[in-house]
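Q: I'm new to this structure and would like a close look at one part of it. Could you walk me through the empty spaces shut inside the protein?

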Amino acid sequence: MKHHFTSHISQALCTLLFGVAVLLFFGMAYPHHLHYQEQYQLFLFDSNYVWDIIRMPGGVADLLGRFCTQFFQFAWVGAAIIAVLLSLVQLLTLRLAKWGWLYGLSFVPSFLLWLFLLDEHALLGGVWAVLLTQFAVWGLVRLKGWTQRIAIPVILFILYWIAFGGSHYYRYPTVFPTLLYVAWVTAVIIPLAMRFVNSLTSHLLPLTSFILVAAIMGTVVWKNANFKAEKVMQYDFMARHQQWNRILETINTEKPNNQIGVTVQNLALAMHGQLINHLLDYNQNGIAGLLPDVQSDATSPLPTAEVHYQLGMISVAQRTVFEAQEAILDFQKSGRCYKRLAQTNLILGSYEVARKYLMALQKTLFYRDWANETLPLLGNEEAIAKHPEYGRLRQMVCDEDYYFSDHVTPEMLEGLYACNTDNHLALEYLKAYYVLTGDRENYAKLLLQNSAQQ
């Protein structure tokens with residue numbers, strides 16, 4: 001009896017250690033991967049939205065995954081959710097068989113799912129699919145005789161519909177997530193195989209096997225983590241939330257050497273009026289570091305659109321964000337994009353279009369308050385004019401035609417500055433353009449023109 005109690009304590013401790021490791025990894029080393037997941041979906045508390053998901057094969061697992069992903073807006077909450085789900089997978093794997101000295105193998109499916117979630121395109125619905133499968137198998141093995149024989153086809157049909165009949169477990173619809181299905185197979189096959197293995201009763205050996213599996217799989221997880229992508233996502237996250245001070249602190253610690261990082265770095269410097277003074281103190285990517293060419297994907301256009309937005313190129317920012325949302329690989333909508341599209345339409349005076357986005361955001365959990373606060377601004381010109389962000393940007397919008405290209409050009413920046421000489425951000429970018437291209441003549445002319453205006 002004492003040995004049995006000790007064994008349960010050691011198993012609980014191992015599960016707890018695993019859960020804490022998952023929590024700390026995603027909360028400290030991988031938080032921006034979680035933010036990335038959240039911004040490319042829009043979970044609505046709406047019956048039509050829910051029905052459109054669950055009526056499809058695999059829809060229940062998909063819905064549960066989307067529901068949990070909305071909490072990834074807060075990295076530690078998202079990390080805690082993943083830790084709980086992966087710990088549940090391990091516990092259910094453990095409950096399906098007697099393990100003895102092979103106890104460490106009960107963690108293999110959870111480690112494989114952890115490895116799967118390192119990919120920014122891996123969706124949480126896949127983890128729920130594995131978990132629902134385990135619940136079904138656990139229910140089946142507890143049944144006996146004729147009830148089990150009757151239940152098998154019924155449960156298999158239900159399981160097909162709620163979990164593994166669908167394909168919405170990876171953001172690329174055409175990609176088969178092999179690692180997810182390997183985790184799913186091991187979660188079922190390994191414990192069933194253990195039921196036919198004669199297990200020893202030593203409580204020391206199971207702990208040893210856990211340490212061995214944890215060391216091997218933990219190393220594999222760490223080696224396969226994409227920390228370069230995490231850094232890129234960090235810069236995008238900071239730009240999204242306009243954390244200009246934090247960006248400056250980050251670039252002073254480690255200068256960015258990727259396109260998105262350089263774009264965000266220059267924007268933060270410009271927002272503090274330091275771009276031209278410190279331009280050459282940091283890595284640059286030529287003029288592409290100012291306003292990169294817009295790519296046909298869902299990620300890189302968003303930091304570029306933030307530059308457009310802050311420069312007062314509201315129509316361009318709106319187009320860029322809309323195209324980025326349409327490029328989301330699994331055809332979902334984006335809470336981040338919906339919010340920005342509501343803002344750009346409000347600034348441009350397209351109030352009914354802005355209302356459409358705001359009414360959708362009212363059906364969300366974490367964008368609802370912002371939508372409720374913004375709706376009264378629609379059509380209220382006086383309130384918009386007094387708003388610290390929308391009033392400033394509306395004044396910077398250029399009503400006159402001016403040269404625009406997807407490639408940054410001096411004509412584009414000159415036209416933007418000519419529309420409003422109070423647009424100091426456009427002036428900073430124009431100066432930076434001349435410096436990066438070595439155009440001393442036009443730089444000197446611009447300085448003389450700016451001095452005369454002052």
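**The enclosed cavities**

A: Let's start with the helices around the largest cavity: α2 (31-39) and α4 (59-69) each supply at least two residues of its lining. Of these, α4 gives the largest share, with 4 residues. Keep in mind that this is a predicted model, so everything here is computed from it.

How do you find such a space in the first place? Rolling a probe the size of a water molecule over the atoms shows where empty space is left. Here the count comes to 5 cavities of 30 Å³ or more.

The largest cavity has a volume of about 160 Å³. Its lining is made up of 19 residues, and if you want to find its centre, look for Gln37, Thr69, Ala122, Leu123 and Leu124, which lie nearest to that point. As for the kind of residues around this cavity, the lining holds 8 nonpolar, 8 polar and 3 charged ones.

Now for the second largest cavity, which takes up about 70 Å³. You can trace its wall through Glu38, Gln41, Leu42 and Phe43, then Gln70 and Gln73, and finally Thr364, Leu365, Phe366 and Tyr367. Sorted by class, that lining comes to 5 nonpolar residues, 4 polar and 1 charged.

To see both on screen, you could pick out Gln37 and Thr69 for the largest cavity, then go to Glu38 and Gln70 for the second largest one.

Conventions
Residues numbered from 1 in each chain as written. Predicted model: local features only at pLDDT ≥ 70, side-chain atom pairs only at ≥ 80, totals over all residues. Heavy atoms only, no water. 1 Å grid on protein atoms, 1.4 Å probe; cavity = no way out; pocket = protein on both sides within 12 Å on 5 of 7 lines; lining within 4 Å. Points joined across faces, edges and corners; volume = space filled by probe spheres on them. Nonpolar A, V, L, I, M, F, W, Y, C, P; charged D, E, K, R; others polar.
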